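Visitor: I would like to go through a structure and test each label against its cut-off. Please show it first.

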Amino acid sequence: MLLPQPEDLDYMRLALGEAQAAAAGGEVPVGAVVVCNDRVIAAAHNQRETLRDPTAHAEMIAITQAAESLGAWRLEGCTLYVTLEPCPMCAGAIVQSRVPRVVYGAVDPKAGAVESLYTLLADERLNHRPTVTSGVLAEPCGEILTSFFRARRR
């Protein structure tokens, strides 16, 4: 795990804005942005309920948007910012799209595939291993999820 870069806070705040949009739409509040050459080329949030699609995680949508923006499936030179530790599906998409750097906020002890349950992005058997920075704005990234689920239980 690498230390945060100065710009990581700003981009994670954008991802948090996406998470807030997800919550406003009744979705689990996870947001993601993809940055390439200091420019945001994709921004997305969870849309599983809206699209009735189990694969419509913030990361999956942002990776698709970024590939479209670049006109290539290899997201070389990009950084993915996401408010929650990626799940196995999203970690697989990160590997497949060759994202060189991943920055995330809150850990996901129930489904995390970067450091919590699995360490897919560091698995030496895979052909691509991005660098990872975790814990960026972890408190607000975790709090938006906690608040969302607390309100749903009421």
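Visitor: Where does UniProt place the feature "active site"?

Guide: The unreviewed UniProt entry puts that feature at E59. UniProt positions follow the numbering used here, feature names are shortened, and annotations may be inferred rather than shown by experiment. The model itself is predicted: local features need pLDDT of at least 70, side-chain atom pairs count only at pLDDT 80 or more, and totals for chains, interfaces and linings use all residues. Residues are numbered from 1 along each chain as its sequence is written, and side-chain values use heavy atoms, with hydrogens and water left out.

Visitor: Which helix holds E59?

Guide: E59 sits in helix α3, residues 58-70. Helices are DSSP runs of H or I with at least four residues, strands are runs of E with at least two, and both are numbered from the N terminus.

Visitor: Why is E59 called buried?

Guide: Buried means under 20% relative accessible area, exposed means over 50%, and partly exposed lies in between (1.4 Å probe, protein chains only). E59 has 4% relative accessibility, so E59 counts as buried.

Visitor: What is E59 in contact with?

Guide: Contact means heavy atoms within 4.5 Å. Setting aside neighbours within four places in sequence, E59 is in contact with V30, A32, L80, V82, L84, P86, C87 and C90.

Visitor: Where does H57 lie, and what does H57 touch?

Guide: H57 is in the loop between α2 (48-51) and α3. With residues up to four places away left out, H57 touches N46, R48, C87, M89 and C90. H57 is buried too, at a relative accessible area of 14%.

Visitor: Which residues does the annotation "domain: CMP/dCMP-type deaminase" cover?

Guide: That annotation, from the unreviewed UniProt entry, covers residues 6-115. The end C-alpha atoms of this span lie 23 Å apart, and the span is 39% helix and 24% strand.

Visitor: How many salt bridges does the structure hold?

Guide: There are three salt bridges. The rule asks for a side-chain nitrogen of Lys or Arg within 4 Å of a carboxyl oxygen of Asp or Glu.

Visitor: What makes D8 and R101 a salt bridge?

Guide: Their side chains meet at 2.6 Å, N to O. The cut-off is 4 Å, so the pair qualifies. D8 lies in helix α1 (residues 8-24) and R101 in strand β4 (residues 101-106), so the pair ties together parts that are 93 residues apart in sequence.

Visitor: Are these partners buried or exposed?

Guide: D8 counts as buried at 0% relative accessibility. R101 is buried at 12%.

Visitor: How is β4 covered, and how does β4 pair with strand β3?

Guide: Six of the six residues of β4 are buried, so β4 is mostly covered. Two strands pair if DSSP finds at least two bridges between them. Strand β3 (residues 78-84) and β4 have five bridges, in the parallel sense. R101 of β4 is the bridge partner of T79.

Visitor: How do you know that D10 and R13 form a salt bridge?

Guide: Their side chains meet at 3.2 Å, N to O, so they pass the 4 Å limit. D10 and R13 are three residues apart in helix α1, separated by about one helical turn. D10 is partly exposed at 48% relative accessible area, and R13 is partly exposed at 47%.

Visitor: What makes D123 and R125 a salt bridge?

Guide: The closest N and O atoms are 2.6 Å apart, so the 4 Å rule is met. D123 counts as buried at 16% relative accessibility, whereas R125 counts as exposed at 76%.

Visitor: How many disulfides are counted, and why is C78 not in one?

Guide: The count is zero. A disulfide is a pair of cysteine sulfur atoms within 2.5 Å. The sulfur of C78 is 3.5 Å from the closest cysteine sulfur, in C36, so it is too far for a bond. C78 is buried, at 1% relative accessible area.

Visitor: Why does C141 form no bond with C90?

Guide: The closest cysteine sulfur to that of C141 is in C90, 15 Å away, so it is too far for a bond. C141 is buried at 0% relative accessible area.
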